[in-house]
Amino acid sequence: MSFDRMREYSKRLGIIEPVFGNITVNKGMNKFTLHGQDKVNTQWQMVCLVHRAMPLNCNNPT
């Protein structure tokens with residue numbers, strides 16, 4: 001593996017992997033519960049929406 005590819009992979013470990021780790025471990029989503037491509041896509045979008053909305057909820061002092 002070249003140095004450039006190792007550097008790119010190390011960036012991926014810090015950017016991408018924590019997202020999937022949070023979704024699988026903390027949110028408990030290790031498999032899809034729906035069948036069919038459209039339903040799975042919708043379920044994945046909802047999981048991503050929840051993942052993106054969590055920091056907004058943590059900053060709300062109410």
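I'll start with one contact: the side chain of Q43 makes a polar contact with the side chain of T33, at 3.0 Å. Keep in mind throughout that this is a predicted model.

Where does Q43 sit? Q43 lies in helix α3. Is Q43 buried or exposed? Q43 counts as buried, because its relative accessibility is 15% and the cut-off for buried is under 20%. If we set aside the neighbours within four places in sequence, Q43 is in contact with M29, F32, T33 and L34. So T33 appears twice for Q43, in the polar contact and in this set of contacts, and the definition of contact is heavy atoms within 4.5 Å.

Let me step back to the whole chain. The secondary structure consists of three helices and zero strands, and along the sequence the pattern reads α-α-α. The chain has 62 residues, and buried residues make up 11% of them. Its accessible surface is about 5,600 Å², with 60% of that belonging to carbon and sulfur atoms.

Next, the aromatic rings. How many aromatic pairs does a search of the whole structure find? The search finds one. That pair is formed by F32 and W44, and the arrangement is edge-to-face, with 6.3 Å centre to centre and 75 degrees between the planes. The pair links distant parts of the chain: F32 is in the loop between α2 (17–26) and α3 (37–58), W44 is in helix α3, and the two are 12 residues apart. As for exposure, F32 is partly exposed, at a relative accessible area of 38%. W44 is also partly exposed, at 30%. Recall that F32 is among the residues in contact with Q43.

The last residue I want to show is H51. Helix α3 holds H51. Why does H51 count as buried? Its relative accessible area is 19%, and buried means under 20%, so H51 falls within that class. Which residues does H51 touch, leaving aside its neighbours within four places in sequence? They are V19, N22 and I23. For V19 there is also a backbone figure: the C-alpha atoms of H51 and V19 are separated by 8.1 Å, while the two residues are 32 residues apart along the chain.

To recap, helix α3 carries Q43, W44 and H51. Q43 is in contact with residues including M29 and L34, W44 pairs with F32, and H51 is in contact with V19, N22 and I23.

Key. Residues numbered from 1 in each chain as written. Predicted model: local features only at pLDDT ≥ 70, side-chain atom pairs only at ≥ 80, totals over all residues. Heavy atoms only, no water. Helix = DSSP H or I, 4+ residues; strand = E, 2+ residues; numbered from the N terminus. Buried < 20%, exposed > 50% of the residue type's maximum accessible area, 1.4 Å probe, protein only. Areas by Shrake-Rupley, 256 points an atom, 1.4 Å probe, with all protein chains shown as cover. Phe/Tyr/Trp six-rings, centres within 6.5 Å; stacked < 30°, edge-to-face > 60°. Polar contact = N/O pair within 3.5 Å; in protein donor to acceptor, adjacent residues only side chain to side chain.
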